[in-house]
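Me: I have a model open on my screen and would like a close look at one part of it. Could you walk me through the details as you would at the bench?

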Amino acid sequence: MTTLLLLRACRRPNIAATYTNGYLRASTPNGTPDRRLASTEAAAASVQLANSGDLVGFWQTLSNSTPVAYMQDALIQIHDYSNLPWWSSIVLSTFLFRGVITLPLTIYQHKITARIERIALEMPALVEELKREAAMARQKFKWSDKETSIVYRRSIKKQWQNLIVRDNCHPMKTIIVLWGQIPLWIFQSVALRNLVYMLPDPTTLQAQITATEMTIGGFGWIPNLTVVDSSYILPVTLGLLNLGIIELQAMTRTRRPTRLQNIANHVFRGLSVVMVPVACTVPSALCVYWVASSTFGLAQNMLLLSPEVRRAVGIPKTQTELSQPYDQIWLKIQQKVKLAPPPADKPTTK
């Protein structure tokens with residue numbers, strides 16, 4: 001719901017155009033431009049746009065929140081110190097924030113997943129031992145089948161919990177990346193939108209300067225970052241990158257996916273497609289950020305497939321780790337486009 005509110009709120013008219021038109025129309029009685037009047041008109045237009053439609057309640061609170069304010073200041077500082085155009089500054093800040101926040105969390109998540117896989121290998125021996133103990137206890141204490149089953153299941157659960165505590169790998173830690181990546185994505189998206197529309201206070205000189213710089217801080221086919229990408233190149237690229245991340249995870253999975261994993265893959269594929277028309281309606285500054293973030297995510301996932309990189313960052317080796325991941329990915333791609341024969345089915349034994 002938070003993400004949907006954010007995406008809906010991002011779809012706003014171009015305030016830079018309103019500001020420019022207001023500046024040109026504002027003049028004194030003798031015909032000379034009045035900068036103070038132009039600034040006042042632009043501020044009034046910005047406030048009116050900000051307070052209209054769905055920009056109430058939660059969205060206003062988020063837009064004016066302290067984390068978003070800090071993010072805005074950080075983006076401005078990175079732009080000023082790097083002396084780069086705004087599109088390059090957005091890419092640089094994206095790689096910097098994700099490299100400092102989400103990359104370490106992703107490595108830690110891989111470590112937790114590897115530990116869970118390794119302790120799972122210890123369970124079969126423990127299960128056999130618990131079965132023997134349960135059978136002995138059933139005979140000794142004259143338990144019924146139901147009582148024996150209850151005690152047996154409790155013993156297995158306790159042993160599993162002991163292994164988790166021993167290796168400090170609670171399964172909930174396998175989603176730790178989401179707790180860092182989602183807030184970062186939301187705060188930076190809202191901060192960029194605020195910079196484009198001179199929010200939360202359009203009367204400040206800094207807000208007006210930043211919005212003006214963004215009108216000339218683009219590149220190539222989108223010189224103005226405050227308008228949408230009418231060529232649809234960035235939105236389509238965003239969709240392809242997100243689909244690439246999902247397909248990469250599917251192609252490198254060594255075990256048969258569960259029904260829940262298949263459903264999740266279809267849902268994320270659908271969201272990747274939905275993001276394309278959404279990206280067609282937001283300022284190009286947001287599209288640049290979203291494309292840069294997805295590019296980093298895809299490169300990060302590709303890099304952490306390498307066994308050498310995994311050993312270098314301390315991820316334990318597991319049985320499901322691919323020894324030649326990039327060769328397997330290339331083979332899967334060839335099979336999908338019919339350039340290689342499909343994998344042979346394993347013979348079934350009767």
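How many residues apart in helix 7 are Lys131 and Glu128, and what does that separation come to in helical turns?

Reply: Happy to help, and please keep in mind that this is a predicted model. Lys131 and Glu128 lie three residues apart in helix 7, so about one helical turn separates them. In general, an α-helix has 3.6 residues a turn, so residues three or four places apart point the same way. That spacing goes together with a salt bridge between Lys131 and Glu128, whose closest N and O atoms are 4.0 Å apart. The cut-off for a salt bridge is a nitrogen to oxygen distance within 4 Å. As for accessibility, Lys131 has a relative value of 42% and therefore counts as partly exposed. Glu128 is partly exposed too, with a relative accessible area of 42%.

This pair belongs to a wider set, as the whole structure holds seven salt bridges. Another of them joins the side chains of Arg166 and Glu122, at 2.7 Å from N to O. Here the partners come from distant parts of the chain, 44 residues apart. Arg166 sits in helix 8, which covers residues 145-167, while Glu122 is in the loop between helix 6 and helix 7, the latter being residues 123-141. Arg166 is partly exposed at 47% relative accessible area, and Glu122 is partly exposed at 31%. Arg166 also forms a salt bridge with Asp167, with 2.9 Å between the closest N and O atoms. Through shared partners, Glu122, Arg166 and Asp167 are joined into one network of salt bridges. Asp167 has a relative accessible area of 24%, so this residue is partly exposed.

From there, let's move along to helix 9. This helix has 21 residues and spans 31 Å from its first C-alpha to its last, close to the 30 Å expected at 1.5 Å a residue. Met198 follows helix 9 and has a positive phi, near 55 degrees. Ile182 is found in helix 9, and its 42% relative accessibility makes it partly exposed. Ile182 is also part of a nonpolar surface patch with Met172, Ile175, Leu178 and Trp179, and together they have about 540 Å² of accessible area.

Helix 9 also leads us to helix 5, since helix 9 (176-196) is among the elements covering the buried residues of helix 5. The others named in that cover include helix 4 (58-63), helix 6 (86-120) and helix 10 (205-215). Helix 5 itself runs over residues 66-82, and its 17 residues reach 24 Å, close to the 24 Å expected. Its buried residues are Val68, Met71, Gln72, Leu75, Ile76, Ile78 and His79. They cover an arc of only 160 degrees around the axis, and therefore lie on the same side of helix 5. The face turned away from that buried side carries the exposed residues Tyr70 and Tyr81. Just after helix 5 comes Asn83, with a positive phi near 60 degrees.

To place all this in the whole chain, there are 15 helices and zero strands. Of the 350 residues, 38% are buried. Among contacts between residues at least 6 apart in sequence, 73% join residues at least 24 apart. The chain exposes about 20400 Å², with carbon and sulfur atoms supplying 63% of that area.

Note on methods. Residues are numbered from 1 along each chain as its sequence is written. This is a predicted model: local features need pLDDT of at least 70, side-chain atom pairs count only at pLDDT 80 or more; totals for chains, interfaces and linings use all residues. Side-chain values use heavy atoms; hydrogens and water are left out. Helices (H or I, at least four residues) and strands (E, at least two) are DSSP runs, numbered from the N terminus. The expected span of a helix is 1.5 Å times one less than its number of residues. Buried means under 20% relative accessible area, exposed over 50%, partly exposed in between (1.4 Å probe, protein chains only). The arc is that of the directions from the helix axis to the C-beta atoms. Contact means heavy atoms within 4.5 Å. Patches are made of residues with over 30% relative accessible area and no salt bridge: like charges are joined within 9 Å, nonpolar side chains (Val, Leu, Ile, Met, Phe, Trp, Tyr) within 5 Å. Accessible areas come from the Shrake-Rupley method with a 1.4 Å probe; for residues, only the protein chains shown count as cover.
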